[in-house]
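Reader: I'm new to protein structures. Could you show me how to read one, feature by feature?

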Amino acid sequence: MTRITLTVNGTKVTREVAPRTNLADFLREDLVLTGTHVGCEHGICGACTVVIDGEIARSCITYAVTCDGAEIRTIEDFDDDPLMKKLRHAFSAEHALQCGYCTPGMLVAARDLVRRGAARDEDAIRVGMSGNLCRCTGYVGIVKAIAAVACDHEVSEKTAVSADALGPAPGPAAQDSLRETRGNVTSPAQKEQRAARAAAPTLASPSGMNVQTGEITQDGSFTKLTQTITVNHPRDAVWNLMADIEKVATCMPGVSLDGPARDGHVDGRMLVKLGPINADLKGEADVTRDADNWRGVIDGKGRDARSASLARGRVEYELTETDDGKGTLIAVSIAYSLAGPLAQFSRGAIVRNLVNRLAGAFAQNLEAKLEGRDVEQGAQALNAGSLVLSVLWDRLRSFFTRLFGRKPG
Amino acid sequence: MKPVAFDYARPRSIAEALETLDAQPGAKILAGGQTLGPMLNLRLVQPDMLIDITRIPELTAVQETGDGVAIGACVTHASIEDGAVTGTANGYLDRVASGIAYRAVRTRGTIGGSLSHADPAADWLAALLALAAELEIAGGSGMRRAALDDFVKGAMETALGTAELVVAIRIAKRGPKARYGYHKICRKTGEFAEAIGAVATDHEAGYFRLVAAGGSHAPVVFTDPRELFKEADPTDARGFDVDMAANALADAGMAADDYDLSLRAIVMQRAIQEAAGQ
């Protein structure tokens with residue numbers, strides 16, 4: 001627990017808080033100021049909007065401990081505020097609320113909009129209020145109410161930028177009651193994960209390999225993408241390598257198996273790093289092969305216990321001979337779906353890029369294996385996007401060289 | 001929807017912050033927390049400690065340097081929106097800042113935090129790539145400078161070392177003829193953009209950078225985009241060849257479909273129109 005001292009609605013309070021307690025919970029549960037509502041709890045809906053040192057903020061993604069020394073105003077503090085009085089009457093007159101859940105946040109945000117002189121017209125009000133969601137009114141009444149107040153409000157309190165308070169409130173000048181932090185709370189699982197994180201990803205360099213990505217389509221909750229990989233090795237060699245599940249697994253960045261495969265079934269895990277997110281998918285996979293048609297299917301699923309997210313994937317491949325039997329074309333189709341917080345947060349396209357890149361890295365490693373080169377064993381997590389921009393630069397350079405006979409900048 | 005338990009440290013100097021960061025490999029920097037907060041609440045990020053750097057005086061100041069400005073990493077979008085950065089880029093930064101998320105997010109979200117998170121759809125990344133911004137980075141072996149082009153490695157990946165910290169963003173002053181344009185398309189106001197076009201020109205000085213960003217694709221920077229104009233005059237937006245620009249993006253490796261590519265080409269065109277006052 002950490003001791004903080006802050007001013008809430010004009011009263012100085014000192015409390016012990018856990019660093020993870022957000023300001024909304026602190027206000028509602030420790031100070032019983034339940035006018036501040038908690039809607040989405042991840043900074044989308046605006047119901048929890050309060051004022052910190054004169055500026056509005058979302059109290060669900062602001063931690064109470066960071067407000068040590070700050071001045072907080074909640075909806076309860078605006079009873080006698082002249083501008084808020086006008087807004088309350090206008091909200092009532094224009095039927096700007098129904099269930100009232102969003103209203104405290106709406107009022108705090110609307111007052112700030114009018115105060116800053118940013119409620120110039122209907123468009124500006126709609127844009128300015130777009131961070132506050134209402135599921136009852138359809139916004140028409142809310143916009144009308146704010147417009148009615150804004151048109152006869154003289155902006156006197158215009159925000160002045162003061163050179164020493166340019167960061168998030170309360171800033172460097174604030175009083176500081178931070179005494180101590182608790183001891184290290186690192187769990188064995190976190191340590192293990194950290195060690196895995198430290199293992200750098202390695203990608204074997206490609207040689208004569210060609211990877212083409214086809215169209216990406218959506219089928220219900222499944223995203224499907226296809227890749228064709230051309231390798232300079234005969235079909236038999238590729239087919240035989242693909243028979244060895246353990247070898248194939250080492251080609252996939254971040255994958256490690258718990259033990260040898262039994263009847264085409266394996267248990268294992270896959271580490272995926274996406275910026276600050278580290279997903280550790282524990283799960284299983286089943287492999288079936290159709291030797292007559294040079295086809296195979298890998299069905300897998302995994303669960304990240306920490307975020308309670310689920311991932312499912314199905315990889316189908318088919319081998320065809322190319323280059324008079326000297327090469328092989330591997331047609332791969334990948335279908336995957338994500339569920340849980342991971343899916344909720346990650347934008348689809350970022351995950352698509354990641355899967356695409358994982359598939360590309362897999363192909364490179366496969367090529368390395370076919371040539372008898374080593375791929376680093378074990379849990380090598382591929383950093384999403386770690387290669388993207390350099391690839392772009394290189395390709396951009398070649399584009400310009402080809403097109404204009406010179407390189408950019 | 002509650003984060004895991006974590007420790008909290010509030011260093012008062014850059015040196016103290018680096019020391020703490022070095023001693024705590026499982027720590028995350030908190031520079032405003034408007035992206036990290038949601039990730040913490042969803043437990044997608046589970047740090048051992050948050051190191052709150054918003055009370056380090058050097059990080060919350062804007063300084064005029066001889067050849068430009070240095071914006072402290074913890075300066076909020078709202079401060080920039082309200083005019084904290086003067087003397088560079090003709091109000092371009094103010095306007096970009098005013099379009100980031102929502103006011104209640106801009107009052108706590110910071111420019112350095114945004115760049116360190118490196119979301120490919122974030123406004124600052126695109127806007128500052130057009131300005132050829134540089135980052136000042138503090139680490140165990142002292143300060144270093146990095147061009148933003150080299151700093152961002154892709155979606156949510158940067159060249160920041162584990163015990164390093166972005167201290168300031170440096171933007172060079174341009175001549176009186178310099179012009180800037182910024183345009184983005186969002187499904188909903190305040191959401192991450194689907195497509196962003198950003199441009200900065202100072203033709204007298206031979207400076208011309210055009211950026212296509214947004215969505216999940218790594219941004220593409222054209223450091224000399226004159227070839228994308230049908231006519232030789234790059235100050236005339238009417239000469240900008242949208243089809244050629246879309247092809248150039250595809251050829252640059254942007255694995256987007258035709259719709260996404262043309263969307264990007266068109267926002268680039270609008271940014272150029274804005275810069276040209278057309």
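Author: Happy to. We will go from whole chains down to single strands and helices, and please keep in mind that this is a predicted model.

Reader: Where do I begin? How many helices and strands does chain B have?

Author: A count of the secondary structure is a good start. Chain B comes to 10 helices and 14 strands. The radius of gyration of chain B is 19 Å, close to the 19 Å that the globule rule gives for 278 residues, so chain B is as compact as a globular protein of that length. You can also picture a box: the C-alpha atoms of chain B fill roughly 60 × 40 × 35 Å along the principal axes.

Reader: And what share of the residues in chain B counts as buried?

Author: For chain B, 62% of the 278 residues are buried. Another thing to look at is how far apart along the chain the touching residues are. Among the contacts in chain B with a separation of 6 or more, 61% are between residues 24 or more positions apart.

Reader: What do those readings give for chain A?

Author: Chain A has 11 helices and 14 strands. Of its 409 residues, 41% count as buried. Residues 24 or more positions apart make up 60% of the contacts in chain A with a separation of 6 or more.

Reader: Which domains does the assignment give for chain A?

Author: The assignment gives domain 1 (1–78), domain 2 (88–160) and domain 3 (199–404) in chain A. To read a pair of domains, look at their centres and then at the residues that touch. The C-alpha centres of domain 1 and domain 2 of chain A are 22 Å apart. In this pair, 13 residues of domain 1 of chain A are in contact with 11 residues of domain 2 of chain A. On the domain 1 side, strand β3 (residues 49–52) of chain A gives the most, with 3 residues.

Reader: What classes of residue are on that side of domain 1 of chain A?

Author: The side of domain 1 of chain A that touches domain 2 of chain A has 7 nonpolar, 6 polar and no charged residues.

Reader: Now sheets, please. In which order do the strands of the 5-strand sheet in chain B lie?

Author: To read a sheet, follow its strands from one edge to the other. This open sheet of chain B has the order β4-β5-β10-β6-β7, with antiparallel pairing. Its edge strands are β4 (62–65) and β7 (142–147) of chain B, and each pairs on one side only. On average, neighbouring strands of this sheet are turned by 25° against each other, direction ignored. Now pick one pair inside: strands β6 (residues 134–139) and β10 (residues 165–172) of chain B are antiparallel and share 5 bridges. There, Ile137(B) is opposite Val166(B) in β10(B).

Reader: Which helix packs on this sheet?

Author: Helix α1 (residues 14–23) of chain B does, touching β6 and β10 of chain B. The direction of α1 makes about 130° with that of β10(B).

Reader: Let me try the 4-strand sheet of chain B. Which strands are at its edges?

Author: The order of that open sheet is β11-β12-β13-β14 (chain B), again with antiparallel pairing. The edges are β11 (179–185) and β14 (220–222) of chain B. Here the average turn between neighbouring strands is 10°, direction ignored. Strand β13 (residues 207–213) of chain B pairs with β14(B) over 3 bridges, and Ala212(B) has Val220(B) as its bridge partner in β14(B). Helix α10 (residues 258–276) of chain B packs on this sheet, touching β11, β12 (195–202) and β13 of chain B.

Reader: How do I read a hairpin, and how many residues lie between β9(A) and β10(A)?

Author: Find the two strands, then the turn. In chain A, 10 bridges join the antiparallel strands β9 (residues 265–274) and β10 (residues 277–290). There are 2 residues between them, and Gly275(A) in the turn has a positive phi of about 60°. Moving on, β10(A) pairs with strand β11 (residues 295–304) of chain A over 10 bridges. That hairpin has 4 residues between its strands, and Trp294(A) takes a positive phi near 55°.

Reader: One last helix: why is α7 of chain B described as largely enclosed?

Author: Check its residues for burial. In helix α7 (residues 123–130) of chain B, 8 of the 8 residues are buried, so the helix is largely enclosed by the rest of the structure. Among them are Trp124(B) and Leu128(B). Following α7(B) comes Ala132(B), with a positive phi near 55°.

Definitions and conventions:
Residues numbered from 1 in each chain as written. Chains lettered and ligands numbered in written order. Predicted model: local features only at pLDDT ≥ 70, side-chain atom pairs only at ≥ 80, totals over all residues. Rg over C-alpha atoms; globule rule 2.2 N^0.38 Å. Buried ≥ 20, exposed ≤ 12 C-beta atoms within 10 Å, placed from the backbone. Contact = placed C-beta atoms within 7 Å. Domains from an automatic or database assignment. Nonpolar A, V, L, I, M, F, W, Y, C, P; charged D, E, K, R; others polar. Pairing = 2+ DSSP bridges. Axes fitted to C-alpha atoms, helices over the stretch in contact; angles between N-to-C directions.
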